[in-house]
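Got your viewer open? Let's take a walk through this one together, one selection at a time.

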Amino acid sequence: MTEIVVTRDFKADKAPPLVSASQVCQSYDKGTAGSLVVLDKVDVDLHSGEIVGLLGRSGSGKSTLLRAIAGLIQPSGGSVTFEGRVVTGPTSGVAVVFQSFALFPWLTVLENVELGLEAQGVAPAERRKRALAAIDLIGLDGFESAYPKELSGGMRQRVGLARALVVHPKVLLMDEPFSALDVLTAETLRTDLLDLWCEGRMPIEAILMVTHNIEEAVLMCDRILIFGSNPGRVIAELRVELPQPRNRLDPAFRALVEDIYARMTAKAGAPARDGFFPGTGIAMALPRVSTNLMAGLIETIAAEPYRGEADLPPLAAELHLEIDDLFPVAETLQLLRFADLEGGDIRLTAAGLRFADSDVDGRKRLFAQQLATYVPLAAHVRRVLDERSSHKAPARRFRDELEDHMSEDYAATTLKAVTNWARYGEYFAYDEDADLFTLDNPS
Amino acid sequence: MAFSTNRDAGRSALAALTRNRVLPNLYDLAAFALLAALAVLALHGAAAMHAPLSGLAAEPVVLDPALLPDYALRTTIRMFAAIIASLVFTFAIATLAAKSRRAEMVIIPALDILQSVPVLGFLTFTVTFFMGLFPGSQFGAECASIFAIFTSQAWNMAFSFYQSLRTVPRDLDEVSRSFGLSSWQRFWRLEAPFAMPGLVWNTMMSMSGGWFFVVASEAITVGGTTVQLPGLGSWLALAIKEQDFAAVAWAVLAMAIVIGLYDQLLFRPIVAWADKFRFEQTAGQQKPRSWVHGLARRTRLLKRLTAPLAWLGGRLLLVRFHSAPSARREVSAGTSKALDRAWLALVLGLGLWAMWTAVAYLGKSLSWSDAWDPLARGLVTLLRVTGLIAVASVIWIPVGVWIGLRPAVAERVQPIAQFLAAFPANVLFPFAVIAIVSTGASPDIWLSPLMVLGTQWYILFNVIAGASAFPTDLREAASVYQLRSWTWWRRVMLPGIFPYYVTGALTASGGSWNASIVAEIASWGDTRLEAYGLGAYIANATEAGDFPRVVLGIAVMSLFVTLFNRLLWRPLYVLAERRMRLD
């Protein structure tokens, strides 16, 4: 086995940062309606010797920032520097690990690991030596000639890691590296990676990871940047001073997790109750949240031991929901005034409690009522249907209307969300073949 | 293909060295015998291609079974040349279309139209053109024949490749860019492998069609000049002319053997090899098998011999033609839009000019009233094609479903169906003609089945594939709820196989249009049967050397096929994609 020589210096933050992103903006052209801002003037520094986590919900632009740092995309504003030089494209000092592993299915483990070296024009013999060393380091011995499809998810991500390490990058960028893995595998991989890092056996100087898992961030990172959505920006920066290895049951650890939950559910100064979703009125972009999940969450919170009020971290743990799953549901409940979100807690409103106690028809009626009152788009569709003598309206019409305010994807998602909610509440119906909204539900 | 060999070869060559075994094994002997034989045959055939044209007159095709293997070889080499040309075309044109937005605007619609143009119609012009290019050499006629096969193959291969290039998974694209792979490395490491399964499948489909055209294009009569290239097609033409029944039977036999060998020696190994490029991350259930592929993998010496090639491939991959790719940037909309408009104007202008030239050319010898004849005939042929596809569907859907739901039967029948689809139906035409002549049946009706003779199998094997892939749980659900007879067909099976059926029927109908050019006119010795239709119109015009009418006929047929595809098949395809996908 070949030792990889490590040169990591633990200089204080005073040294110039390894990676520096300043005032990074990213926006997509939406045509007539201006542009959709994904990142708004974000500053991030990455110093030698630290693991930094970008924590936020999906759509908060954290993956976009990671790609800008990797040189995969050119941000529309601001700049990224690596070792003082402006990043204009992928550089050899930065390697990326992907959520989907991104392995080439037609290459063996060894060939996948060698790929980055091949791109650098390294001669075959040297390539093999270095690749075998990386494979050895990451615990993949014996799998060299296997194809990715023969491996489990955990092993595949190990290949992803080995492939990133073999090019001896200074900075390792990880884009939700463990979120496609089951809980146990993810934990093993995190621990192994932390061990390698703490023992200084990896030839890297700093790690920047994107995650939406709060505990993962607290477990691994020295510094956590919390991202807010719409537009994506850093809303808080936390330093995690707990020594490694960290214990999830440690009260200090729990307190930190609790604190982050509270920060992420804080209403960011927006006085409106709908503040979580971008846009106002009918132009509000809504997430697709299943009514089953909403009903399930209401029932869970109404029942023992929560009795109408729950702390989010234990609730998420009990339901095995990550923040990306839990938050949209909770926020939709808040939008429909079934629940209130405050300081990391969720509390059912009177309507929410009534919903929990009702039978199927009662729930549907209540749901329709809340929909009519608090979701302007639903009310708008219903009004148009009521006004027309045929009680029919093409969905295209509303989609166009939405596209004046948001991107095509958002418009489609929003309309689908409202359609499904309305179907559940029997507020109006939708015929997919004809792409028509109607008032008659088949009976 | 450099990237193919260096995969296992590197490691196993190393392993072979450490084991210090140099003696060849039995597999080596078998593999070498195969390779050597193929090399000798290829050289022999290629040398004959360059013979002077006068040689053709001095040594005309003779109906001597001893010469048949030679003829079969010549036919096969033509096929092979065409497939290589198609691959080169595919790599070049499809890549260009995928990389350049402006090229894409021209190439993709052009490919779409070219797919609908009846290949046999081309022959008239290409023969004249290539004979002029290589005067006095047989090579010109060879080129024309190869070009005819090429035109039957290249378009859908290019389409498939283009589509794959456009759908390269985003994460793999990002990996390639973040490691700074050069365009050359990226092509061989990412794009070509990703496109491989689709390309291999389409090449196989193309080959099936190709046999039909190789037979049709060897004996060409254009306005009085007749060229007969030595090959199975010419043999067949001569056998028909001389009413030699035994010779026709020999041709059928030779064709069957050639296709069988081609399948076993070339395509099955390639399909088995291409299986590893499938993008699914899960291990597949049914792996395609091939004894030749297995043989090649087991040979020790062969691997050692290809090791230098693998090394060369690896070195070639290190070549950098391009600087490192840079970050993706949103293009500044203003300038690029203006350029787009200019480009579009240029293309449209050229198109209009071309159309004007064509109309002017036709206008010299034809008047507007001449257009009615092909249009009316086109409607008759359209009626034939739709009717026959319908009949073939009614017959083959139940049969295909029956077979597909029985895996043991399907495994045995599927290769036969694919073989039948590849078998050039025109070899069988004489039998039909004899039957029609002897019974005095109406050629207008009874020549028609010849059009689907070769193409109906596409319906069969696609339906078999669809029924085989039908999920077991849905079948079980259907039997638990006792869905029977018509309800079972309407609610369970027909929707289940629909996407597959549409693919099969689309291929079959395209092939049938093409086949009409040879199927609507058939002869046996001096007896000549003709059905009223667009195919016969084009065939007659070709024989008479009446270029304007050939152009008109082809244009009308292309129009019909394009409209047919747009108005019927594409909506069905969209429906199948939206509603009836089972994954």
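Which residue in β8(A) is the bridge partner of A:Leu172? Select A:Leu172, look across to β8(A), and you'll land on A:Ile207. Keep in mind as we go that this is a predicted model.

**Stop 1: the sheet in chain A**

Now widen the selection to strand β7 (residues 171-175) and strand β8 (residues 206-211) of chain A: five bridges join them, and they run parallel. Add their companions and you get an open sheet of six strands in chain A, in the order β6-β7-β8-β3-β9-β10, with mixed pairing. At the edges sit β6 (94-97) and β10 (233-239) of chain A, each pairing on one side only. Leaving direction aside, neighbouring strands of this sheet are turned by 20 degrees against each other on average. Next, show helix α4 (residues 153-165) of chain A, which packs on the sheet and touches β6 and β7 of chain A. The direction of this helix makes about 175 degrees with that of β6(A).

**Stop 2: the two domains of chain A**

Colour 19-265 of chain A as domain 1 and 282-438 as domain 2. Their centres, taken over C-alpha atoms, are 34 Å apart. Where they touch, 16 residues of domain 1 of chain A meet twelve residues of domain 2 of chain A. On the domain 1 side, pick helix α7 (residues 251-265) of chain A, which gives the most, with six residues. That side of domain 1 of chain A is made up of eight nonpolar, five polar and three charged residues.

**Stop 3: the two domains of chain B**

Do the same colouring in chain B, with domain 1 at 53-280 and domain 2 at 363-579. Here 21 Å separate the domain centres, again over C-alpha atoms. Domain 1 of chain B brings 32 residues to the contact, and domain 2 of chain B brings 34. Several elements supply the domain 1 side, including α6 (119-133) and α11 (245-274) of chain B, but α9(B) gives the most, with eight residues. By class, this side of domain 1 of chain B has 21 nonpolar, nine polar and two charged residues.

**Stop 4: the core**

Which residues touch the most other members of the largest nonpolar core? Select A:Ile69, A:Leu208 and B:Val463, in a core of 258 residues. Helix α7 (residues 138-166) of chain B gives the most to this core, with 15 residues. Finally, zoom in on B:Val463: among the residues it touches are B:Trp396, B:Ile397, B:Tyr500 and B:Tyr501.

Definitions and conventions. Residues are numbered from 1 along each chain as its sequence is written. Chains are lettered from A and ligands numbered from 1 in the order in which they are written. This is a predicted model: local features need pLDDT of at least 70, side-chain atom pairs count only at pLDDT 80 or more; totals for chains, interfaces and linings use all residues. Domain bounds come from an automatic or database domain assignment. Two residues are in contact if their C-beta atoms, placed from the backbone, lie within 7 Å. Helices (H or I, at least four residues) and strands (E, at least two) are DSSP runs, numbered from the N terminus. Ala, Val, Leu, Ile, Met, Phe, Trp, Tyr, Cys and Pro count as nonpolar, Asp, Glu, Lys and Arg as charged, and the others, Gly among them, as polar. A nonpolar core is a set of buried Ala, Val, Leu, Ile, Met, Phe, Trp, Tyr and Cys residues joined through C-beta atoms within 7 Å. A residue is buried if 20 or more other C-beta atoms lie within 10 Å of its own, exposed if 12 or fewer, and partly exposed in between; C-beta atoms are placed from the backbone. Two strands pair if DSSP finds at least two bridges between them. Axes are lines fitted to C-alpha atoms, for helices over the stretch in contact, and angles run from 0 to 180 degrees between N-to-C directions. Lists of a residue's contacts leave out its neighbours within four places in sequence.
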